[in-house]
Each structure stands twice: as structure tokens, then as C-alpha cells.
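I opened the file to look up packing, charges and backbone outliers. Notes follow in the order I took them.

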Amino acid sequence: MSLGERLGSLFKGPDELNLTSGGIGRPLFFLSLPIIITNLLQTAYNLADTFWVGQYSTEALAAISFAFPMVFLLISLGMGLSVAGSVLVAQHIGADEESEAGYAASQTVIFSILGSILLGALGYVAVGPFIRFLGASPAVHPLATGYMQVIAAGLPFMFGFFVFIALMRGYGDTVTPMLVMFGSVVLNIALDPILIFGFDGNPLFGMLGLRGLEASLFATTGYTGSGITGAAIATVFSRALAFVVGIAVMIEGVRGVRIRPSQMRPDVEYLRRLLDIGVPASIEGTGRALSVNLLLLVVGMFPTTVVAAYGIGVRVFSVIFLPAIAVARGVETMTGQNIGAEKPERAGAAADFAAKWMLVILSGAGVVALLVPRPIIAVFTNDPEVVRVGVDFLRFVAPSFGFIGVMRAYTGSFRGAGKTLIAAAISVIMLGFIRIPVAYVASLNLGSTGIWLAFPISNVAGALIAYAWYRRDTWRTGSVRRPTPADD
């Protein structure tokens, strides 16, 4: 078997998977693996963006740091509609209602575009005051504002791409979005250095030994780059192209759910259904975004070494928890399709299977982090004091990694059943009522160790709450399917 055939065997389309019958592990694995790779590609894109902006100037790098919370917040506010669309599509597909799934997808696309235009306009106007509120210096403020205004203007394309990923996932196809994401990331990485530096002192040409070609291009174009704004343009352009490809795939309908322009006339009654499911999902995402920033207020009371160690720990978690996030999305799809097929027992089996394996796999990752914490932290810094504090952080948090997987698995099932309010409630309780208060109170007596202690306490509590709530079986009545209007 060739290398290409071996790689191809790792990815299965929806035609090769049966999510509503047979075993649980195989379809969940083939659903989740492309999501992990898609998330890794997104991480690669973020790292590339940070690398090239860092080559440009320290002020530009600081500007991206200030812009990121607002990007995260805007995306979190709008992602609820994509979750609602994914859930509706999954339940209709499970019930063998292809036309209803197409209508749900069509309405999700049009309302997401309209909603992102409104959010983008709001963000464009508010970005300056918001970044000033975050404390950006006079040198950094205009750079961050310019970057965010481009992102805000391109928000419909970014949302549209995320909606494409969510709708295809609801259908059971996570491979096509992965391939489109790959193309988008490669394009963005290629455009970044050109649009940031132009053809005047571009480090890419120096790395490749092509200064002669650079001089010729500069003589022809005179382009000196757009700085940090160029990075934003590269992001928006690559996402816009991915959005166009995604829309074309869904209109064609050969790779998954099919949308029809005739069904994209805004249906206000259907919007209510999308909001019923989507608003709690937005609250969940926004709550996570806000909790990261609010916890910084507690961390910020301590020396810079503690702040740096916290930042490194968050980066480590973002990589370790990629499997949990991906499996939760897979459980969401399997739950949705099985609820639609009126097989709640199988939906429950999928959530339990995922929770058990996430507990085992992420606990294993925790053991590795406990055994070799110093090399992990040292990847990000050579400051011995930051390494010392970071090692302390990992030793407190690592034993609870598996519990994050348990919580993610069950909240993914709640979302798939349309019970997004329960998933949001668990997230808010875990972060807002346990982690942040415990971190603040414990830090007053134990110093930075009190902050680290809040993580295992909240992780274990979140898992236990999610498990106990799931055992109540209220999610079994989570069908959100309704008839499509007769004239459609």
C-alpha cells in the first residue's frame, strides 16, 4: 500500500460511515480525526501570523495581542448560529429528512451572513475605544485598530467559512472542511510575508536567498508592504476564498448538505428556532472567552514571571485539549443524528464512550506532563524563573486533564440534542462560579499557587456536574426538528 493510500485510509466521508447504527468507536474516530487536523491547521495559521508580525516589529506583535481578545469575542458572539445550524442539519439527516436539512442549512447561511455584517459594523466602530480600554499604548493603538478594522470588515467571510465547517460536520463530513482549511492556511502563510513586508527588506526572500528577485519585484511594483494591516488582509482574503469554495460545495450538494439560493430568503420564524439553539451556544463560547480575560485580572496581581507562566500554560492546554474539542464535535454530530433517528440510547452510548476514552487519553497526557514538565515549559522560554513557575502550574493542573475530556464529551452531547442552554450553564458554573472565585480567594492566601489550584478544582467539578446532569436523561427529549414551510 502506497503512502497516499495509507493516508487516505485514515479519512472517511459520510458515505463510508453510518452514525446511527453499528459500532461507536469507528465512526467517532473518523469524525474526530479531521477536526483535530483542522484545529491544528488553525493553530499553524496563528503561529505563522505571529511569526511574521513579530519579524516586522515588537509594536505590531503587541498590537495583535491586543486585537486577539476582540477577535475571539466577535467570533464567539456569532458562532451560536453555526452550532444551531449544525444541530438542525444533524437531526434532520438522522431522521432521513434531506430537504429539511437543506432548508436549515440555507437559512443558517443567510442569517449568519446578515448577523456577521451587523457584528462587523459594530466591531469596526467600537474597535478603537475597546483597544484603548484594554490599555494599548499610543504606539500600539493605531496598529491594533487598523488590524481589527480590516478583520471586522471581513467578518462575513470568516463567519461564512465557520458556518460551512459546522454544516458539513452536521451532515457527517469533516474531511471536506479539513481540505478547504488546508488550502486556506497554505494561502495565508504564503500571503503573509508579501503583504506585511512587500518587496523591500522581506525576510522571506532573505531566507530563500532570493534578494535579486526581490529587487526586481520592487523595481517593478514599488510595493513596500502594508505592515500589520497586510496580515489582516491576508487573513480575510484566504478566508474569503475558503468561504466561496465552501458555498460552491454546498450549492453543488455532492459532498454533503445542499443549500439552495431560493431557500435563502430570510424566514423570521425560522430565525427564532436558530436563536433558541444558538444564543445559549454563543453564551457558552463568549463565557469561555471572557473567563480567560477575567482570570488575567487575578494573574495580573502577581509578578511578570507568573503572568508569563500562565500564558505558556494556556498555550500548552490549547494543544493538549485539541482531541477533547474534536471528539466533543464528533459526539455533537452523532448525538444529533441519533436523536433525529429516534435512537437516544445510541446517542447516550456515544457520549459515554467518548467520556471514558477522553478520561483515559487526556489523563495519559497529564502523566507525561507530570513526568517531564520542565522540557515542555522550556520550549516557550529560557527564563529560569518563568520555567520554575510554569512547572509548578503544570504539576497542579496536569492530573485533572482527563476531567476536561469528560466534561467536553457530555456538553457536546447536550449541544447535539439541542440542549445548548445546559451546556452553557455548565460552562458558566465551572468558570464563572468556581474557577475565577476560587483563584481569587485562594491566591490571597497561597499566592500564585492558589491560582493553579483553581484549575483542578474547577476541572473536576465541571466533569462531575456534566456527568450528573447527563444522567438525569433530560437531553433525550431534545429533538428540535419541525416541518419545513409548505411553500418550500
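**Aspartate 192**

I began with the contacts of aspartate 192. Leaving out residues up to four places away in sequence, aspartate 192 touches Ala48, Asp49, Trp52, Ala231 and Ala234. I placed aspartate 192 in helix 7. This is a predicted model, and I read every value here as computed from it.

Which side chain of opposite charge is nearest to aspartate 192? I found arginine 239, 10 Å away. Aspartate 192 is buried and has no salt bridge. The cut-off for a salt bridge is 4 Å, so arginine 239 at 10 Å does not qualify.

**Salt bridges**

Next I searched the whole structure for salt bridges. The search gave 11.

I looked at arginine 169 and glutamate 332. Their side chains form a salt bridge, 3.6 Å from N to O. Arginine 169 sits in helix 6 and glutamate 332 in helix 13, residues 322-340. The two are 163 residues apart, and the pair links distant parts of the chain. I checked burial for both: arginine 169 is buried, and glutamate 332 is buried too.

Glutamate 332 has another entry in my list. Glutamate 332 also forms a salt bridge with arginine 415, with the closest N and O atoms 3.1 Å apart. Arginine 415 belongs to helix 17 (residues 401-416) and glutamate 332 to helix 13, so this pair ties together parts that are 83 residues apart in sequence. I noted a relative accessible area of 2% for glutamate 332, which makes this residue buried. Arginine 415, at 6% relative accessibility, counts as buried.

I then asked which residues these bridges connect into a network. The network of salt bridges links Arg169, Glu284, Arg288, Arg329, Glu332 and Arg415.

I also noted a pair inside one helix. Glutamate 214 and arginine 211 form a salt bridge, and their closest N and O atoms are 2.6 Å apart. They are three residues apart in helix 9 (residues 211-221), so about one helical turn separates them. Is each partner buried or exposed? Glutamate 214 counts as buried at 5% relative accessibility. Arginine 211 is partly exposed at 40%.

**A nonpolar surface patch**

I stayed with helix 9 for leucine 213. Leucine 213 is partly exposed, with a relative accessible area of 44%. Leucine 213 also helps to make a nonpolar surface patch of about 470 Å². The other members are Phe51, Met207, Leu208 and Leu210.

**Nonpolar cores**

I turned to the interior. The largest nonpolar core has 64 residues. Val89, Tyr147, Met148 and Met250 have the most contacts inside this core. Elements that give two or more residues to the core include helix 2 (25-56), helix 4 (98-133), helix 5 (141-153), helix 10 (228-252) and helix 11 (268-299). Helix 3 gives the most, with 13 residues.

I pulled the contacts of methionine 148. Beyond residues up to four places away in sequence, methionine 148 touches Ala67, Met70, Val71, Leu74, Val127 and Ile131. I also logged a second, separate core of 63 residues. Its members include Ala309, Ile377, Val391 and Ile404.

**Isoleucine 426**

I looked up isoleucine 426 in helix 18 (residues 420-446). The relative accessible area of isoleucine 426 is 0%, so this residue is buried. What does isoleucine 426 touch, not counting residues up to four places away in sequence? I listed Met407, Thr411, Phe414, Gly462, Ile465, Ala466 and Trp469. I also checked the backbone spacing to threonine 411. The two residues are 15 apart along the chain, and their C-alpha atoms are separated by 7.9 Å.

**Positive phi**

Last, I checked for positive phi outside glycine. Glutamate 342 has a phi of about 60 degrees. I found glutamate 342 in the loop between helix 13 and helix 14 (344-371). Glutamate 342 counts as exposed, at 64% relative accessibility.

Aspartate 473 has a positive phi as well, of about 65 degrees. Aspartate 473 is in the segment after helix 19 (448-471). At 31% relative accessibility, aspartate 473 counts as partly exposed.

Notes. Residues are numbered from 1 along each chain as its sequence is written. This is a predicted model: local features need pLDDT of at least 70, side-chain atom pairs count only at pLDDT 80 or more; totals for chains, interfaces and linings use all residues. Side-chain values use heavy atoms; hydrogens and water are left out. A nonpolar core is a set of buried Ala, Val, Leu, Ile, Met, Phe, Trp, Tyr and Cys residues joined through side-chain atoms within 4.5 Å. Buried means under 20% relative accessible area, exposed over 50%, partly exposed in between (1.4 Å probe, protein chains only). Helices (H or I, at least four residues) and strands (E, at least two) are DSSP runs, numbered from the N terminus. Contact means heavy atoms within 4.5 Å. Lys and Arg count as positive and Asp and Glu as negative; His and the chain ends are not counted. Patches are made of residues with over 30% relative accessible area and no salt bridge: like charges are joined within 9 Å, nonpolar side chains (Val, Leu, Ile, Met, Phe, Trp, Tyr) within 5 Å. Accessible areas come from the Shrake-Rupley method with a 1.4 Å probe; for residues, only the protein chains shown count as cover.
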